[in-house]
Amino acid sequence: MRDKKELFAGCLLGGAIGDALGYPVEFMKYSKILEEFGAEGITELKINQEKNKAIISDDTQMTLFTADGLIWAYERMRDRGIGSYTGSGIYQSYLRWYYTQTGVVIDEFWLKKQPHEEFRDDSKYPKSILDHKELFERRTPGPSCLNALSSGEMGTIERPINNSKGCGGIMRVAPIGVFLHKNPEEAFQVGAEVAAITHGHPTGYLAAGTLACIIAEFINGRTILESINSAIEILKGYSRHEETLKALEKAIDYAKDEEKTGYEVVKKLGQGWVAEEALAIAVYCALKNKDFKSALIMAVNHDGDSDSTGAICGNILGAAYGRRFIPEEWIDKIELKEFMEELGDRLCNLS
Ligand SMILES: [Mg+2]
């Protein structure tokens, strides 16, 4: 029997580790990475001297707010029969994230009313997400996310907030796939809606829906390729899906090539600053490598958005194979490890 707890924790920890591995080289060209870290590029988690931990970036910070918003929304719907995952759950959670990054309160009601105070059903989890001071540090938050949230308007698929297809929408939705795994169509839809809060271009949110669906299918016991194919079928039902589909098909195609691998291939998939490229690079690296370390090393050593491609690849592998697939020495080094395990547990218990 597959241990769901293993997969839930694996998805969150794996993503955080990929993010932390890529964060120091996010804005470096490949040649510069080699110059600084040697011929293999960056291969080990960089320890922050002050914290004595490998630090996460905005990708994981926002992912944790997604997870917290899901739990909040679920408990509210269950106990009071009101609200929704996207509108009153995760959107409100992102307003709290916005507060951590800017100090600006968009909606005082939701900031003061801590979800775990009102709806908590388990005293095992005493803390609110806002008690974690690491989440208040600015780790290069994305301008699309900040600008969209500062407007006080919630972007939707029907009313796009902008025309952004940056990877800020996709890099934070993995917990949705994990939590809503029993219904992959719903995981797709909610993943897309949640990305559309801040990213209005169809590729910006459809790539996110695709990732959430792929992750849901892992939890359901499907292989990486089966999960991708299942997500592709659902993706095809959405209008303006072509760009995301093309990028994914390219990744699957390149992964079949026995001869070529590594940076030369990743480069052909793009740099990952935009959603479909980030998804394609992560999927390619997950398909191409048999162990967690090699996959993440390939996913972060390139010219582009290394922490986001690392985070998404880590989410994928963690959800597909579980926590035990991740080297323990890396888990021990990562910041907020206990909080991620707690969130993984809670998501697992409620789903
Ligand atoms: Mg980042």
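These are my notebook entries on a predicted model, covering its fold, a magnesium site, one helix and the empty spaces.

**Ground rules.** I number residues from 1 along each chain as its sequence is written, and my side-chain values use heavy atoms, with hydrogens and water left out. Because the model is predicted, I take local features at pLDDT of at least 70 and side-chain atom pairs at pLDDT 80 or more, while totals for chains, interfaces and linings use all residues.

**Entry 1: the whole chain.** I looked up the secondary structure first and found 18 helices and zero strands. Both are DSSP runs numbered from the N terminus: H or I of at least four residues for helices, E of at least two for strands. The radius of gyration is 18 Å, close to the 20 Å that the globule rule gives for 351 residues, so the chain is as compact as a globular protein of that length. I take this radius over C-alpha atoms, and the rule is 2.2 Å times the number of residues to the power 0.38. The C-alpha trace spans about 55 × 50 × 45 Å along its principal axes. Of the 351 residues, 62% count as buried. Buried means under 20% relative accessible area, exposed over 50%, and partly exposed in between, with a 1.4 Å probe and protein chains only.

**Entry 2: the magnesium ion.** Which residues coordinate the magnesium ion? I list Ser57 (OG), Asp58 (OD), Asp59 (OD) and Asp307 (OD), at 2.0 to 2.5 Å. Donors are N, O and S atoms within 2.8 Å of the metal (3.2 Å for Na, K and Ca); water is not among the atoms, so sites may look incomplete. Along the chain the donors follow the spacing S-D-D-x247-D. Aspartate 58 is buried at a relative accessible area of 5%, aspartate 59 is buried at 1%, and aspartate 307 is buried at 0%.

**Entry 3: helix 16.** Aspartate 307 lies in helix 16, so I checked that helix next, using the DSSP runs. Helix 16 covers residues 306-321, and its end C-alpha atoms are 22 Å apart, which agrees with the 22 Å expected for 16 residues at 1.5 Å a residue. The expected span is 1.5 Å times one less than the number of residues. In helix 16, 15 of the 16 residues are buried. Glycine 322 follows the helix, with a positive phi near 90°. I also noted that the C-alpha atoms of aspartate 307 and methionine 171 are separated by 9.4 Å, though the two are 136 residues apart along the chain.

**Entry 4: the largest pocket.** On a 1 Å grid over the protein atoms alone, a pocket is an open set of points with protein on both sides within 12 Å along at least five of seven lines; a cavity is a set where a 1.4 Å probe fits but cannot get out; lining residues have an atom within 4 Å of a point. Points are joined across faces, edges and corners, and a volume is the space filled by probe spheres set on them. The largest pocket holds about 230 Å³. It is lined by 19 residues, with Gly142, Pro143, Cys167, Gly168 and Asp305 nearest its centre. Helix 7 (143-150) gives the largest share of this lining, three residues.

**Entry 5: the second largest cavity.** I count two cavities of 30 Å³ or more. The second largest has a volume of about 50 Å³. Its lining includes Asp59, Met171 and Ala311. Helix 1 (4-22) supplies the largest share, four residues.
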